[in-house]
Amino acid sequence: MLQIQSKRFYIDVKQNRRGRFMKVAEIGADGRRNQVFLALSTAAEFRDHLSLFSDFYANLGPPNPDTLPEDGKLKSETMVKDNRRYYLDLKENSRGRFLRVSQTIARGGPRCQIAIPAQGMIEFRDALQELLDEFGTDDGGYKGELPEGRHMRVENKNFYFDIGQNNRGIYMRISEVKTNFRTAITIPEKSWSRFRDIFADYVDKMKDGGEKGPSESNK
């Protein structure tokens with residue numbers, strides 16, 4: 001949850017049979033609710049656009065009604081994912097500058113949109129980044145029961161094991177997380193057995209080495 005000026009934004013990672021996606025809900029001061037839906041790959045593209053929009057906004061200088069375009073648009077971009085199109089418009093009106101994100105669906109359907117105050121774009125981008133670091137950018141294609149994720153802590157590090165699925169098959173994502181640091185590797189299911197064997201081999205070798213006496217270890 002993000003509080004930006006008088007608005008609250010809830011960003012949730014959800015999953016259905018078509019894969020993982022983000023639901024972004026905007027709750028205004030009057031309680032009105034707006035929301036858009038982003039595939040994880042689209043959320044990553046949106047994150048990158050937010051960085052560019054933020055840089056552009058930072059160099060705008062103070063508002064000047066005399067140079068404002070008639071439609072109020074200062075910068076615009078478009079994203080396309082399958083049958084969905086997203087319009088990103090940095091706009092300015094009497095209440096300030098904001099980024100309007102509109103989602104449309106081909107062949108009709110409702111138009112959804114949210115408006116992010118310009119001052120909050122960096123904070124919004126960082127929140128997206130945190131979720132993308134945890135869940136990745138693969139949209140997946142969930143079709144059945146996959147094992148639950150696991151977690152383990154070693155000293156000051158946290159390791160997360162998550163099983164996912166995309167159009168290339170099932171995979172395991174192993175994430176290492178500690179203060180101000182995140183990294184992850186992805187292992188395709190067809191490599192799990194080999195990965196396990198190599199890991200078990202190292203475990204056995206280290207165990208054997210620890211059990212050798214001083215004379216044996218020096219041979």
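Visitor: Why is K157 called partly exposed?
Guide: This is a predicted model, and in it K157 has a relative accessible area of 27%. Buried means under 20% and exposed means over 50%. The value for K157 falls in between, so K157 is partly exposed.

Visitor: What makes K157 and E176 a salt bridge?
Guide: Their closest N and O atoms are 3.1 Å apart. The cut-off is within 4 Å, so the pair counts as a salt bridge. K157 lies in strand β10 and E176 in strand β11, so the pair ties together parts 19 residues apart in sequence.

Visitor: Is E176 buried or exposed, and how do you know?
Guide: E176 has 17% relative accessibility, so E176 counts as buried. The limit is under 20%.

Visitor: What makes R173 and D138 a salt bridge?
Guide: Their closest N and O atoms are 3.5 Å apart. Set against the 4 Å limit, that makes the pair a salt bridge. R173 sits in strand β11 and D138 in the loop between α2 and β9, so parts 35 residues apart in sequence are tied together.

Visitor: Why do R173 and D138 count as buried?
Guide: R173 has 12% relative accessibility and counts as buried. D138 has 19% and counts as buried. Both values are under 20%, so both residues meet the definition.

Visitor: How many salt bridges does the structure hold?
Guide: The structure holds 13. Among them is R125 with D126, with the closest N and O atoms 3.0 Å apart.

Visitor: Why are R125 and D126 called partly exposed?
Guide: R125 has 22% relative accessibility, so R125 counts as partly exposed. D126 is partly exposed at 36%. Partly exposed lies between the 20% and 50% limits.

Visitor: What makes F9 and F124 an edge-to-face pair?
Guide: Their ring centres are 5.6 Å apart and their planes stand at 90°. Rings pair if their centres lie within 6.5 Å, and planes over 60 degrees apart count as edge-to-face. Both conditions are met, so the pair is edge-to-face. F9 is in strand β2 and F124 in helix α2, 115 residues apart. Both F9 and F124 are buried.

Visitor: Why does the pair of F46 and F124 get the name edge-to-face?
Guide: The centres of F46 and F124 are 6.1 Å apart and the planes are at 65°, so this pair is edge-to-face. F46 lies in helix α1 and F124 in helix α2, so the pair ties together parts 78 residues apart in sequence. Ring pairs link F9, F46 and F124 into a cluster.

Visitor: How do you know that the span of α2 agrees with the expected one?
Guide: At 1.5 Å a residue, the 15 residues of α2 should span 21 Å. The end C-alpha atoms of α2 are 21 Å apart, which agrees.

Visitor: What makes the buried residues of α2 line one face?
Guide: The buried residues of α2 are M121, F124, A127, L128, L131, L132 and F135. Seen down the axis of α2, they fall within an arc of 135°, so they line one face of the helix. An α-helix has 3.6 residues a turn, so residues three or four places apart point the same way.

Visitor: Which residues make the nonpolar surface patch, and why does I185 qualify?
Guide: I185, F195, F199 and V203 make a patch of about 380 Å². I185 has 45% relative accessibility, so I185 counts as partly exposed. Patch residues need over 30%, so I185 passes that limit. I185 is in strand β12, whereas helix α3 gives the most to the patch, with three residues.

Terms used
Residues are numbered from 1 along each chain as its sequence is written. This is a predicted model: local features need pLDDT of at least 70, side-chain atom pairs count only at pLDDT 80 or more; totals for chains, interfaces and linings use all residues. Side-chain values use heavy atoms; hydrogens and water are left out. Patches are made of residues with over 30% relative accessible area and no salt bridge: like charges are joined within 9 Å, nonpolar side chains (Val, Leu, Ile, Met, Phe, Trp, Tyr) within 5 Å. Accessible areas come from the Shrake-Rupley method with a 1.4 Å probe; for residues, only the protein chains shown count as cover. A salt bridge is a side-chain nitrogen of Lys or Arg within 4 Å of a carboxyl oxygen of Asp or Glu. Helices (H or I, at least four residues) and strands (E, at least two) are DSSP runs, numbered from the N terminus. Buried means under 20% relative accessible area, exposed over 50%, partly exposed in between (1.4 Å probe, protein chains only). The expected span of a helix is 1.5 Å times one less than its number of residues. The arc is that of the directions from the helix axis to the C-beta atoms. Rings of Phe, Tyr and Trp (its six-membered ring) pair if their centres lie within 6.5 Å; planes under 30 degrees apart count as stacked, over 60 as edge-to-face and the rest as tilted.
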